[in-house]
Amino acid sequence: RDVLPMSITRDGGEITFNCDTCPEYVETGEEDFGDAFALAKGEGWRARKEGAEWVHDCPSCAEDRKNKK
């Protein structure tokens, strides 16, 4: 697996999003970033920008972050 910026990996071209808070990940089975992110977002994954970096949260961590506000 190649680790790419924005906490994603590509395995044989297919994109996996990795949570930046916990070990959770979602294998999208998609090679196109737009399609992969749409699938992950539909499953409750969220991306947010912190400074210059994009951070990804799995559904559980996204909910935790939302409840702490």
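The paragraphs below walk through the strands, the helix and the nonpolar core of this structure, which is a predicted model.

The strands are a convenient place to begin. Strand β2, covering residues 8-11, runs antiparallel to strand β3, covering residues 14-18, and four bridges join the two. Within this pairing, Arg10 has Ile15 of β3 as its bridge partner. The hairpin formed by β2 and β3 leaves two residues between the strands, and in this hairpin Gly12 adopts a positive phi near 65 degrees.

On leaving β3, the chain passes through six residues of a second hairpin before it enters β4. Strand β4 spans residues 25-27 and is antiparallel to β3, with three bridges joining them; here Asn18 stands opposite Tyr25 of β4. Strand β3 is thus bridged both to β2 and to β4.

The helix α1 comprises residues 33-42, and at its start a side-chain oxygen of Asp32 comes to within 3.1 Å of the backbone nitrogen of Gly34. Beyond the other end, just after α1, Gly44 takes a positive phi of about 100 degrees.

Which residues make up the largest nonpolar core? This core has 10 residues, namely Ile8, Ile15, Phe17, Cys19, Val26, Ala36, Ala40, Trp45, Cys58 and Cys61. Both β3 and α1 supply at least two residues each to this core. For the strand contribution, it helps to recall that side chains in a regular strand alternate between the two faces of the sheet, and the core includes Ile15 and Phe17. For the helix contribution, an α-helix has 3.6 residues a turn, so residues three or four places apart point the same way, and the core includes Ala36 and Ala40.

Conventions. Residues are numbered from 1 along each chain as its sequence is written. This is a predicted model: local features need pLDDT of at least 70, side-chain atom pairs count only at pLDDT 80 or more; totals for chains, interfaces and linings use all residues. Side-chain values use heavy atoms; hydrogens and water are left out. A polar contact is a pair of N or O atoms within 3.5 Å; within protein, one must be able to donate a hydrogen and the other to accept it, and residues adjacent in sequence count only if both atoms are side-chain atoms. Two strands pair if DSSP finds at least two bridges between them. A nonpolar core is a set of buried Ala, Val, Leu, Ile, Met, Phe, Trp, Tyr and Cys residues joined through side-chain atoms within 4.5 Å. Buried means under 20% relative accessible area, exposed over 50%, partly exposed in between (1.4 Å probe, protein chains only).
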